[in-house]
Amino acid sequence: MKRLRSLSSDHTAWVPEHFIGGHPALDLANAVFNRRWPEEDNELLKSARDIGNWFKASGLADARQAGAVARIPGEAFVERVHALREVSARVFGAIAAGKAPAMEALGFLFSAAASGLSAGDITPNGARPELSPSEWRHPDAVTAFLALLSVEAFFTLPRERLRSCPRCGWLFLDTSRGGKRRWCSMRTCGNREKVSRHREHD
């Protein structure tokens, strides 16, 4: 199951199925259990530890860098990451629906990204930003890095291929040849939809 949690539910056990978006900004937006129908325990980024582990599982950070993120103290950092995630979900969800993103949402992302660039915490590396090694322990640098990933995605992702799963609301790039992929994953939402339809016809 792609929304797998640890048995104790104190942190999220990240698995490859969490990273089906096709871009880290989309995977960040998907870091909730169900976006379309939120559940009581819908949060997958519950702590700095979850965020650090997400960075490592996504391939954006190595073990040492992810460990630095996991040790960032205080709730303010987690709340800031949540805010960036929700704004990114608004921006890319609007694009997937064929609508223009809200200007205040874009302004939030651009402002957060600019703070990291102006402070010298982040340097461009081709199309992707790169965080300097010493900055992984600094909450403002990490959140600016995430914001810049969303800004990069806004300008580079093929909008006609951006989709939102009709069952869970997760975002993904449709890379299928015919461009008709509907579900975030056939193993989860696709199969669940088939089961639901089968029950309706029984």
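Let's start at a ring on the surface: phenylalanine 155 is exposed, with a relative accessible area of 60%. Its partner behaves otherwise, since phenylalanine 154 counts as buried at a relative accessible area of 12%. Here buried means under 20% relative accessible area, exposed over 50%, and partly exposed in between, with a 1.4 Å probe and protein chains only. This is a predicted model, in which local features need pLDDT of at least 70 and side-chain atom pairs count only at pLDDT 80 or more, while totals for chains, interfaces and linings use all residues. Residues are numbered from 1 along each chain as its sequence is written, and side-chain values use heavy atoms, leaving out hydrogens and water.

A pair of aromatic rings is described by the distance of the centres and the angle of the planes. Rings of Phe, Tyr and Trp (its six-membered ring) pair if their centres lie within 6.5 Å; planes under 30 degrees apart are stacked, over 60 edge-to-face, and the rest tilted. The whole structure holds nine aromatic pairs. In one of them, phenylalanine 154 and phenylalanine 155 meet edge-to-face, 5.1 Å centre to centre with 80 degrees between the planes. Phenylalanine 154 also has the charged end of arginine 159 over its ring, 4.4 Å from the centre; the criterion is NZ of Lys or CZ of Arg within 6 Å of the ring centre and within 35 degrees of the ring normal. Elsewhere, ring pairs join Trp14, Phe19, Trp54, Phe55, Trp136 and Phe145 into a cluster.

Now step back to the fold. The protein has seven helices and four strands, in the order α-α-α-α-α-β-β-α-β-β-α from the N terminus. These are DSSP runs numbered from the N terminus: helices are H or I of at least four residues, strands E of at least two. Of the 202 residues, 49% are buried. Contact means heavy atoms within 4.5 Å, and among contacts with a separation of 6 or more, 58% are between residues 24 or more positions apart.

What fills the interior? The largest nonpolar core has 51 residues, and Trp54, Phe55, Val91 and Phe92 have the most contacts inside it. Such a core is a set of buried Ala, Val, Leu, Ile, Met, Phe, Trp, Tyr and Cys residues joined through side-chain atoms within 4.5 Å. Among the elements giving two or more residues to this core are α2 (48-58), α4 (75-96) and α6 (139-156), and α6 supplies the largest share, 11 residues. Phenylalanine 92 touches residues including Ala25, Phe154, Leu162 and Leu171, leaving aside neighbours within four places in sequence.

Helix α3 shows how one element is covered. Its residues Ala66, Gly67, Ala68 and Val69 are buried, and their cover includes α2, α4 and α6.

Finally, where does aspartate 174 lie? Aspartate 174 sits in the loop between β4 (171-173) and α7 (186-201). Aspartate 174 counts as buried because its relative accessibility is 1%. Its side chain reaches the backbone nitrogen of arginine 181 at 3.0 Å, and a polar atom of that side chain lies 3.2 Å from the backbone nitrogen of lysine 180. Not counting residues up to four places away in sequence, aspartate 174 touches Arg161, Arg163, Gly179, Lys180 and Arg181.

Methods: A polar contact is a pair of N or O atoms within 3.5 Å; within protein, one must be able to donate a hydrogen and the other to accept it, and residues adjacent in sequence count only if both atoms are side-chain atoms.
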